[in-house]
Amino acid sequence: MAYNQYFENALTAARGKSLTADTINKVLLDVANAAIMQTDYLLQENAKDLQRMDPADPKYDRLTLTPARIQSVAIDIKNVSVLPSPLGAVLSDKTLPNGLQIKKVRVPLGVVGVIYEARPNVTFDVFALCFKTGNVCILKGGSDAEFSNRAIIKIIHEVLAAHSINLNMGTLLPAERDATEALLNAVGYVDVLIPRGSQGLIDYVRNNSKVPVIETGAGIVHTYFDETGDLNKAVAIIDNAKTRRVSVCNALDCLIINSKRLGDLVHIAEPLAKKEVTIFADKQAYAVLDGHYPSSLLHEAKPEHFGTEFLSMKMSVKTVNDLDEALGHIAANSSKHSEAIISEDELNIENFLNRVDAAAVYVNASTAFTDGAQFGLGAEIGISTQKLHARGPMGLEELTSYKWIVKGNGQIRST
């Protein structure tokens, strides 16, 4: 099948008769239950992908499906099913002096294309969110997850078929690179493209797509421990933000520490050493950690270690003298994803919140919470680091646009 045929089929599905909210929710529940029931099948197909990837590759963890992760995906889909649909919501409603009634109403984006790497859970998440919002999704997964993605779309299509719903509501393109190029040029078929993956993938899609793009940027994440920060909070937050799951975009990449708190760095680093986190420390931090942190895991930082998304058990440490210096370092190196401050000083906290340019800004909490499900969105289609249309975790509302509905009674414009 030529790629245009995929796109034409998706466009036809998008223009089809709208489904009732009850039908949509029933389909989503059935997809969630089918995922759990077919866990063995999903793991079997996922194992074929894992066999082709080096376990040391940062993408290996993202590629891996487990019974617990499949259960979590199913829970997210069920959560999406019970959320209220944004479709039809009236954003504004007014009557003009001439009697025209004007409403601004939420509607689907239409056909949503998503290009992603070794993240099979994205296949489930994108379908669920798009289906709930009346959108059609065209999925272009990476070849690394080819078997996993095929298995997932097979389960989704089985459920759609059981409900006599057009299977093109969710389309998985072939894994080859040509399919990506076709999707980037699918003007007139695809309304928006959303890339999910490495900075290289995101840059490539943004620079080459003729279809409008919503960027879900890489996460270069900082946490600033200021001179008033609570040490016990810092130990727990930094450990969690760095080591909970290193391959995700909300993981900590750089600890910024106030020079007055360098004496606490050894204590902060204790749980990191137990989990064999490699630290690239600037000269001041290195001097403090030297002899107190495993030598094989401690290195002097080079410029390239700042502004790096590690996606592994690695992080950098930067020493600063005050909040302004911390903010300057973040501004120079941030991807505008998630940033945090650990502080008990209300003025510092307010300054940090007001001045940091990021989609999600935290106070005394782990950046691991930057996630659609954690934010109560059910799931996410990505985390946008741009400012137009959507910012931060993208859920149901971010997959809608709006249109103006104007009702009159014979009015004409005279001038």
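A salt bridge is a side-chain nitrogen of Lys or Arg within 4 Å of a carboxyl oxygen of Asp or Glu. The model is predicted: local features need pLDDT of at least 70, side-chain atom pairs count only at pLDDT 80 or more, and totals for chains, interfaces and linings use all residues. Residues are numbered from 1 along each chain as its sequence is written, and side-chain values use heavy atoms, with hydrogens and water left out.

**Exercise 1. Place the salt bridge of Arg 206 and Asp 203.**

Step 1. The side chains meet at 2.9 Å, N to O.
Step 2. Locate the pair. Both residues lie in helix 9 (residues 199-208), 3 residues apart, about one turn of the helix. Helices (H or I, at least four residues) are DSSP runs, numbered from the N terminus.
Step 3. Check accessibility. Buried means under 20% relative accessible area, exposed over 50%, partly exposed in between (1.4 Å probe, protein chains only). Arg 206 is partly exposed at 35%. Asp 203, at 24%, is also partly exposed.

**Exercise 2. Find how far apart in the chain Asp 324 and Arg 355 lie.**

Step 1. Asp 324 bridges to Arg 355, with the closest N and O atoms 2.9 Å apart.
Step 2. This pair links distant parts of the chain: Asp 324 sits in helix 13 (residues 323-333) and Arg 355 in helix 14 (residues 346-355), 31 residues apart.
Step 3. Asp 324 is partly exposed at 48%. Arg 355 is partly exposed at 46%.

**Exercise 3. Explain why Cys 249 and Cys 254 form no bond.**

Step 1. A disulfide is a pair of cysteine sulfur atoms within 2.5 Å.
Step 2. The closest cysteine sulfur to that of Cys 249 is in Cys 254, 17 Å away, so the gap is too far for a bond.
Step 3. The structure holds 0 disulfides. Cys 249 is buried at 17% relative accessibility, and Cys 254 is buried at 3%.

**Exercise 4. Describe the lining of the largest pocket.**

Step 1. On a 1 Å grid over the protein atoms alone, a pocket is an open set of points where a 1.4 Å probe fits, with protein on both sides within 12 Å along at least five of seven lines; lining residues have an atom within 4 Å of a point.
Step 2. The lining has 26 residues; Asn 121, Arg 244, Arg 245, Val 248 and Asp 371 lie nearest the centre.
Step 3. Helix 5 gives the most to this lining, with 4 residues.

Conventions. Helix = DSSP H or I, 4+ residues; strand = E, 2+ residues; numbered from the N terminus.
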